[in-house]
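Work through the exercises below with the model open beside the text. Try each task before reading its solution.

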Amino acid sequence: MTNPAPSPAPALPVSLAANPVLSSWIRFSSEGQVTVSPGKVEIGQGIVTTLAQIAADELDVDFSRVQMVRASTVASPNEGVTSGSLSVQQSGRAIRQACAEIRQIFLAAASDQLGVGIDALEIRDGTISGPGNVSTSYWELADKVSLDRAATPGAVPKPSSERALAGNSVQRLDIPDKVFAQPRFIHDQALPGMLHGRVLRPELSGAKLADLKQDGARAVAGLVAIVRDGNFSGVVSETEAGAEAALNVLRKGATWSSGETLPDENRLAEFLKAQPVESSVVDEKVAAGAVEKKRTMRRQYTRPYVAHASIAPSCAMAQWNGDRVRVWTHSQGVYLLRADLALVLKLPVENITVEHMEGAGCYGHNAADDVALDAVLLAKAAGGRPVRVQWSRADEMSHAPFGAAMAIEIEADLDAQGEIVDWRHSIWSNGHAARPGRAAQPALLAGTELANPFPRMISTNPPQANGGGGDRNSIPLYDFPSWQIESHRLKTMPVRTSALRTLGAQGNVFAIESFLDEIAAERGEDPVAFRLRHLRDERAKDVIRAAARRANWKPEKRAGTGYGIGFARYKNTGAYCAVVAEVEGAEDIRVRRLTLAVDVGEAINPDGVINQIEGGAIQATSWVLKERVRFDDRRITSTSWSEYPILRFSEVPEVAVELIQRPDSDPVGAGEAAHAPVTAAIANAVFDALEIRVRDLPITRERLIAAMDPGA
Amino acid sequence: MPRIQFRLNGVETTVDADPDRSLLSILRGPLGMTGTHFGCGANECGACNVMVGDRALAACDTPLWSVADKDVTTIEGLGSAENPHPLQRAFIGEQALQCGYCIPGILMSAAALLKQNPRPTADDVKAALDRNLCRCGSHNRIVRAVLRAADEMAIP
């Protein structure tokens, strides 16, 4: 044993270190309220409520006193992007730490004012009192205590046993507005004098606007302006109906070039493997001793391009005032969007204000940022009036980035006993991130369409230290003696890709967990026992055992019914999740029931976690059974709900979630934990039911038939 | 422009507009009622469902002329924070949404169901909501909430 390293000096949480001024996070207003200003945004995941719980707990104020401020580049802490299931980890820890220090600052001030030692003071709902009925409050002291100071690492948040709200399923703050039709969505806002814009986009992929006849559109009632800059064009109208009508006429007057060739949607693996790539070794593990390989198993798994397909098309508003512009957006990162807008507009960032407003459910890098630039460009022609732009359903389904298609090859060397002695995992995929605000060039769609265009940003992968991209969850958590993990990122991008929930984890876990099942089946070993035997992490084993127990693993076999297990720890550093899927069917697979066990460490809002896990499980079921972006050689063809079907009420499985509470472990996010293990569990259950191994998602009737007869 | 009259959330309403325009565009445009949401414009997602009489219809695919002299109920007319419909109470109680964008249309489909079938089974609810899409995966909570509202409404 070596001596343990001396414990490092306490460090501030990453978001607080980047934004140390306490008043940028927390303020006490004179009306007895606490204003909390996170840099993360509500995207349908309920984060705002969870962050309010954390603040109320640490400050000892009633939950109802907490007012949450929407993120804006005017004053909010810059927390980058709301993504990667990191909001509780980053914003939550920052707010908890800031509140802990603020609590100490106010206790010290109260001690001075009241002449009572700090240890004799207590805080109840913001009132600070001591022996002899002396008291003051955050609000009485607010004028005397400046929070315009940098956070220091010394403050220690309360132990979990003293938190009153964390661990309670507080009702979400935003839900009443949403059931009572209070205008909370960006789509439902009406700014004074607001105009409406629409942008003309080609049906053919990458087509250039050769000619645009504008006379017809000019004659449409309400028209304010037609904007054209290179291949970018659009209309501005007094009314939304007028903008739609003008766009329809403008479309008829547009002549497009023939565009670019798309790959063969039925030969995605061949396409992915034939492209120029940037290759990297993700991880390598060398065997401790000599191993004897008897034979090698090799399999290939694929997933298609997957659409975000939010129920609302993307929407934004913009208003110019001289050379300054104000933008309202449902982007995941107001500062990152601002940086890209500055690049396109060639303006200093100080001239651009970006404010967040809620949009419909956001599952990654969708068109929110693109439509913001559209609004900014159209608003230039609006004479200082605000312009609201909303994409069409078809544009949302074809021009927004997709989750990247993947081909994954795994080889396992087995010894004479059929034990895995070496494991090799290779990924071919476009990058899984082309987000704005991170490069010297903008990532926004209209930027590539202007007369002086910016190049199309080819998506890349975040480093493994941030969870990786195409390689996310490719390193097995199983204790194999050796492995080699490789990633081949495409340097071409005929189909636009960027971050969709889990990035590459869905594909990698589908491959790993399917392959493990195939090996276990060959060995005749129970797949749950096989996994447990190869895991060393007790939290991992606990979720597998809990899911198996709750699902009565393994129920007796009935004809046409199958059960499968899937497991992953998201990003190998986040939430643990194990799933047992029960499926039935012969031609069309129906998922009857998903039983999940989840460990997110400290679950601040257990019902919020369960809601996210249920939602992730159902969304993943939709991906697995139905979803595949369709295209021919020239255009994306899945531009409507009938061509891109998603799971319906009658097809939704029962979902049971068991939450393993660990109040003393750091909280991690839940929004992406379920997708990958659910995918694998369904595929494994299909094999259990039908003895057909589907290695190409989605598991449709056609794929089942193809898998029955691989030679066909 | 022709003048078309209908009752909107119980209030006599007159609109001067092209009768072929969609009810959704009239609601969200000249009437300024943005509780009913645009989702696809093709009657494929249910986000814009309203009640015409006792039936749920996609407002994006309902021409203005077709609601002349009829009763139209939108989410704004279902209930309010002060006087909530049992469905709205139940959706809060079950925390039956994630982003909530599809919810107004789903509430109107559910309200129409409960008018026609006050004691639905879970399968009845799923069938009634099958044309409403939810992308966040809140389906099971939504079904529970509708059944909870039906239970509450059944109490005399």
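**Exercise 1. Find how far apart the centres of domain 1 of chain B and domain 2 of chain B are, taken over C-alpha atoms.**

Solution. The model used here and in each later exercise is a predicted one.

Step 1. Set the bounds: in the domain assignment of chain B, domain 1 covers 3-76 and domain 2 covers 78-154.

Step 2. Take the centres over C-alpha atoms; for these two domains of chain B they are separated by 20 Å.

Step 3. Turn to the contact between them, to which domain 1 of chain B gives 15 residues and domain 2 of chain B gives 16 residues.

Step 4. Look at the domain 1 side. Both β3 (49-52) and β4 (55-58) of chain B supply at least two residues there. The element that gives the most is β3(B), with three residues.

Step 5. Sort this side by class: seven residues are nonpolar, six are polar and two are charged.

**Exercise 2. Describe the sheet of chain B that has the order β2-β1-β5-β3-β4.**

Solution. Step 1. State the type: this is an open sheet of five strands, and the pairing is mixed.

Step 2. Find the edges. In chain B, β2 (11-16) and β4 each have a single partner strand, so one side of each has no neighbour in the sheet.

Step 3. Give the turn: on average, and with direction ignored, neighbouring strands are turned by 40° against each other.

Step 4. Examine one pair. β3(B) and β4(B) run antiparallel and are joined by four bridges. V50(B) has L57(B), in β4(B), as its bridge partner.

Step 5. Add the helix that lies over this pair: α4(B) lies across β3 and β4 of chain B and runs at about 30° to β3(B).

**Exercise 3. Decide how α3(B) and α4(B) are arranged: parallel, antiparallel, perpendicular or oblique to each other?**

Solution. Step 1. Two packed helices are described by the angle between their axes and the distance between the axes.

Step 2. For α3(B) and α4(B), the angle is about 130° and the axes are 10 Å apart.

Step 3. Apply the cut-offs: angles over 145 degrees count as roughly antiparallel, and 65 to 115 as roughly perpendicular. The angle of about 130° fits neither range, so α3(B) and α4(B) are oblique to each other.

Step 4. Give the handedness: the crossing of α3(B) past α4(B) is right-handed.

Step 5. Name the residues that meet. From α3(B) they are L87(B), Q88(B) and F91(B), and from α4(B) they are I103(B), L107(B), A110(B) and A111(B). By class, six residues of this contact are nonpolar, one is polar and none is charged.

**Exercise 4. Describe in the same way how α3(B) crosses α6(B).**

Solution. Step 1. The axes of α3(B) and α6(B) cross at roughly 135° and come within 8 Å.

Step 2. This angle makes α3(B) oblique to α6(B).

Step 3. α3(B) passes α6(B) in a crossing that is right-handed.

Step 4. List the contact. α3(B) contributes P86(B), L87(B), A90(B), F91(B) and G93(B), while α6(B) contributes A145(B), V146(B), R148(B), A149(B), E152(B) and M153(B). These divide into eight nonpolar, one polar and two charged residues.

**Exercise 5. Find which elements of chain B give two or more residues to the side that touches chain A.**

Solution. Step 1. Count the residues: the contact takes 42 from chain B and 43 from chain A.

Step 2. Name the elements of chain B: α2 (75-78), α3 (86-93), α4 (103-116), α5 (122-128) and α6 (139-154).

Step 3. Sort the chain B side by class: 19 residues are nonpolar, 17 are polar and six are charged.

**Exercise 6. Find the edge strands of the sheet β12-β20-β19-β18-β13 in chain A.**

Solution. Step 1. This open sheet has five strands with mixed pairing.

Step 2. The strands that pair on one side only are β12 (277-285) and β13 (295-303) of chain A, the edge strands.

Step 3. Neighbouring strands here are turned by 15° against each other on average, direction ignored.

Step 4. Follow β13(A) to its partner: over nine bridges it pairs in the antiparallel sense with β18 (residues 406-414) of chain A. In this chain R298(A) stands opposite E411(A) of β18(A).

Notes:
Residues numbered from 1 in each chain as written. Chains lettered and ligands numbered in written order. Predicted model: local features only at pLDDT ≥ 70, side-chain atom pairs only at ≥ 80, totals over all residues. Contact = placed C-beta atoms within 7 Å. Nonpolar A, V, L, I, M, F, W, Y, C, P; charged D, E, K, R; others polar. Axes fitted to C-alpha atoms, helices over the stretch in contact; angles between N-to-C directions. Parallel < 35°, antiparallel > 145°, perpendicular 65-115°, else oblique. Left-handed = near helix turned anticlockwise from the far one by under 90°. Domains from an automatic or database assignment. Pairing = 2+ DSSP bridges.
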